[in-house]
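Student: Please choose one part of this model and take me through it closely, one residue at a time. I would then like to see how that part connects to the rest of the chain.

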Amino acid sequence: MSEETEVAEPPMDAEIAARVSAENMRLLENIDVQLTVEVGKAEIKIRDLLRLNEGSVVELDRLAGEPLDILANGTMIAKGEVVMVGERFGIRFTEIVDPAARMESI
């Protein structure tokens, strides 16, 4: 008569779980994302779009001085303002979207 014994796996302790989580995070850190800064939006008819030329002005839905939307792969992650970095434009993050709210929008 042979008796089979089940071998139970030991529960994963907090240290191992933290290490696995850190390793997963390191994998994600090297993924490229597209960062976009949105000044505003406008909806126009195609005939008006076709009439646009150099010097045309399109009114956007945002007031001057209002914070700009910062998106990562199309998902809003923050609000910010334009700054100069040497000869280039930059964006200063002024408000970060709550991570839970970000997850709801995905």
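**A close look at one loop**

Tutor: Asn73 counts as exposed, because its relative accessibility of 52% lies over the 50% cut-off for that class, while buried means under 20% and partly exposed covers the range in between, with a 1.4 Å probe and protein chains only. Before going further, please note that this is a predicted model, in which local features need a pLDDT of at least 70 and side-chain atom pairs count only at pLDDT 80 or more, whereas totals for chains, interfaces and linings use all residues. Residues are numbered from 1 along each chain as its sequence is written, and side-chain values use heavy atoms, with hydrogens and water left out.

Asn73 belongs to the loop that runs between E2 and strand E3, the latter covering residues 75-85. Helices (H or I, at least four residues) and strands (E, at least two) are DSSP runs numbered from the N terminus. The backbone at Asn73 deserves a second look, since its phi is positive, at about 50 degrees, although the residue is not a glycine. Most residues other than glycine have a negative phi.

To place this loop in the whole, the chain has three helices and four strands, and from the N terminus on the order of these elements is α-β-α-β-β-β-α. Of the 106 residues in the chain, 13% are buried. One residue with low accessibility is Ala72, which lies in strand E2 and is buried, with a relative accessible area of 18%. The C-alpha atom of Ala72 is separated by 4.6 Å from that of Leu35, although the two residues are 37 residues apart along the chain.

On the other side of the loop, strand E3 includes Val82, which counts as partly exposed at 48% relative accessibility. Val82 and Leu68 are 14 residues apart in sequence, and their C-alpha atoms are 8.1 Å apart in space.

Strand E3 also brings us to the charged side chains. Side chains of opposite charge can pair when their charged atoms come close. A salt bridge here is a side-chain nitrogen of Lys or Arg within 4 Å of a carboxyl oxygen of Asp or Glu, and the structure holds five of them. One of these joins the side chains of Glu81 and Arg92, with an N to O distance of 2.8 Å. The pair links distant parts of the chain, with Glu81 in strand E3 and Arg92 in strand E4 (residues 88-96), 11 residues apart. Glu81 is partly exposed, at a relative accessible area of 34%, and Arg92 is likewise partly exposed, at 45%. Elsewhere, Arg62, Asp69 and Lys79 are linked in a network of salt bridges.

Moving toward the N terminus from strand E2, one reaches the loop between helix H2 (46-51) and strand E2 (68-72), where Leu60 lies. Leu60 is partly exposed, with a relative accessible area of 34%.

Helix H2 carries a salt bridge of its own, between Arg51 and Asp48, whose closest N and O atoms are 3.6 Å apart. Both residues lie in helix H2, three residues apart, which is about one turn of the helix. Arg51 is exposed, with a relative accessible area of 58%, whereas Asp48 counts as partly exposed at 32%. A further salt bridge brings together the side chains of Glu38 and Lys41, at 3.9 Å from N to O, and Glu38 is partly exposed, with a relative accessible area of 22%.

To return to the starting point, Asn73 is an exposed residue with a positive phi, and it sits in the loop between E2 and strand E3. Strand E2 contributes the buried Ala72, and strand E3 contributes Glu81, whose salt-bridge partner Arg92 is in strand E4.
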